[in-house]
Amino acid sequence: MANQEDQFKKVVSHAKEYGFVFQSSEIYDGLSAVYDYAQNGVELKKNIRDYWWRSMVQMNENIVGLDAAILMHPTTWKASGHVDAFNDPLIDNKDSKKRYRADVLIEEHVAKLEAKVEKEVEKAAKRFGDSFDKEQFLTTNPRVLEYNQKGAAILHRMAKSLEKEDLADVKALIEELEIVCPISGSKNWTEVKQFNLMFGTKLGASAENAMDLYLRPETAQGIFVNFSNVQKSGRMKIPFGIAQTGKAFRNEIVARQFIFRMREFEQMEMQFFVRPGTQKEWYESWKKTRLNWHLSLGMGAENYRFHDHEKLAHYADAAADIEFKFPFGFKELEGIHSRTDFDLKSHEKFSGKKLNYFDPEINEHYVPFVVETSIGLDRMFLAVFSNSLVEEELENGTTRTVLKLPAVLAPTKAAVLPLVKKDGLPEIAKEIVDELKWDFNVVYDEKDAVGRRYRRQDAVGTPLCITVDHETLVDKSVTIRFRDSMEQQRVKIEDLRSIIAKEVDIRNWLLKL
Ligand code: ATP
C-alpha cells in the first residue's frame, strides 16, 4: 500500500515538475478537483483525443462527429433523468467531518477482500510451484470461496438497496461491516443522503427573467437531441454512430485522486444507434472493439479487466466497465452501456418531436436502441501517464526516470541536439528542426551536456533524440537515440523523416486494432 501511495505521489509530482498538469488557479491555493494542462500535458491530451477520434470517426464510414454546446435547454436534463436521478449517496463522519460516497466506502471494503484473495493465490503459487493451477485453486479453496462469496453478497445487497433507494439499509450495511473513517478511525456516521451532482447556472441578464440551466454532466445528451438532425442531413443508415469529445461537469462528493475524479473533465463518447433486438450483439462487439483500442497502445493486457455492472443505471439493460490498473488499484476507465431506447423515447415525450427512423430494409419505423462507449479523456491521460512513468536502474549503477509513453501519444516526437554550441553544429541542428517541424512536434535543445539533455527528454517521454556532431559536417549523418532501449544508430539526415514516421505514425498503431 505504502508503495502504491509513493508511486502515485511520484506521478503527481512528475506531472507538475515537467509541465503536464497543474492545479487550477494555483496562485490562489487552487480549486479542488479542477486542473490545468500545461505545455506537455496539452499535447499528450490532444494526442489521446486524436487517437480516439481517428479510430472512431475516420476509420468507420458509419460513425460521424459532433460538437454540441455545453449549455443545453434545461428540459434536456428532465428528459434524461439527471434532474431526478443523477445522485450519489453521501455520508459524513461526525468526528473527522469528512464526507464520503457511501457506495465507494462499501466497494473499498470489498476491494480489501479481493486483496486477501490475491494474497492467498500468491501464497499458494509459491507453495505449489509449477504444479499450481490458479483456476482450480480459485474455484475450490474454501478461504478464497468464502472471501469471494462475502464480497459478492455485500455488493449485491448494496446494489439492491440503492436501486430501491433504501438509504437506511446502505447505512446499516456500513455499520454491519464495521467500516471506519480512514481519517478519524471512528464509526460515528451520519445518515446516508442523496446528492445531485449537476452544477447549476443561470442564463439571462436580469434576475427575474433568468433561466436556470445546468452545465452538462455528460456529453451524450447533445448527441441524442441531435439524432434526427444528423441522421437526416447525413442520410445515415442504421447501424450508425455519432461521436463527440468535450467538457462535462460533475459536483463530485469526494475528489481526492488527482485527475481521476475531477469536477470539470472531458469525455469522449460515441452513441451507436441500432435496430431494436440487435443491441446485445452490438454491446458485445463494442466491448471487444474498445478493449482492442486500449491494447493497441501496448500498455499490457494484464492491466485491463472488464467489470460487469450489477446495479444498472435507469437507462441501461446491460453495462460494463473497462477497468485499468491505476497506481491505486483497478478502477473504471471506460464504460460501455446498452442504453436501450430510453433517451430517444424520453426526448420524444418531453419535446413532442418524433425521433424515430424508417428502416428501408424491413420497411418499418422505430425508435433506435443505443449502445454507448464512454471514456474520460483525463482518466485515460492518467492511465497512460502513470503506466509510462518508470525508474530504471542502468548498467552503470545510476538510475534514470523515463516516461515510456506510447510514441504515437508523446508530446514531442524528437529532440534535435547539437553536441556543442559552436563549429556550425547549432545551425545544422536548427535546419533539421525547420525541416522536421512540418510533420512532427520537434524541439531544439543546446543547454548542458548531451547526457543531461537525453535525461530531460526521457522525463517528458520524447521517443527519439537526434544528435548533430562534427561528423555531421562531413557526411550529413546524425546519431539517433531511442528512448526505451537507449540504443544509438548512425543515420543520414535525409532519412530522419521516415525513421520518425515509422515510430510515431498513427497508422502503424491503429493497424494493430
Ligand atoms: P464513477 O463510477 O467513477 O463515478 P461513472 O460510472 O459515473 O464513473 P460514467 O458516467 O459512465 O462514469 O462516465 C463515463 C466515463 O467518464 C468514466 O468511465 C470516466 O472515465 C469518466 N468520468 C466520469 N466521471 C469523471 C470525473 N469526475 N472525472 C474524470 N473522469 C470522469
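How far is an oxygen atom of the ligand from an N or O atom in the side chain of Arg250? The distance is 3.0 Å, as the first view shows.

The model is predicted, so that local features need pLDDT of at least 70 and side-chain atom pairs count only at pLDDT 80 or more, while totals for chains, interfaces and linings use all residues. Residues are numbered from 1 along each chain as its sequence is written, and side-chain values use heavy atoms, with hydrogens and water left out.

**View 1. Surroundings of the ligand.** Of the 17 residues around the ligand, those that come nearest are Glu252, Arg261, Met262, Glu332 and Leu333 (a residue counts as near if one of its heavy atoms lies within 4 Å). A nitrogen atom of the ligand lies 2.8 Å from a polar backbone atom of Met262, and an oxygen atom of the ligand is 3.1 Å from an N or O atom in the side chain of Arg379.

**View 2. Packing of helices H7 and H8.** Helix H7 (residues 142–163) and helix H8 (residues 167–176) pack at an angle of about 155 degrees, their axes 8 Å apart (axes are lines fitted to C-alpha atoms, for helices over the stretch in contact, and angles run from 0 to 180 degrees between N-to-C directions; helices are DSSP runs of H or I with at least four residues, numbered from the N terminus). H7 and H8 are therefore roughly antiparallel to each other (angles over 145 degrees). Contact, meaning heavy atoms within 4.5 Å, involves residues including Ile154 and Met158 of H7 and Val170 and Leu173 of H8.

**View 3. Packing of helices H5 and H7.** The axes of helix H5 (residues 102–128) and H7 come within 9 Å and cross at roughly 165 degrees.

Notes
Helix = DSSP H or I, 4+ residues; strand = E, 2+ residues; numbered from the N terminus. Parallel < 35°, antiparallel > 145°, perpendicular 65-115°, else oblique. Polar contact = N/O pair within 3.5 Å; in protein donor to acceptor, adjacent residues only side chain to side chain.
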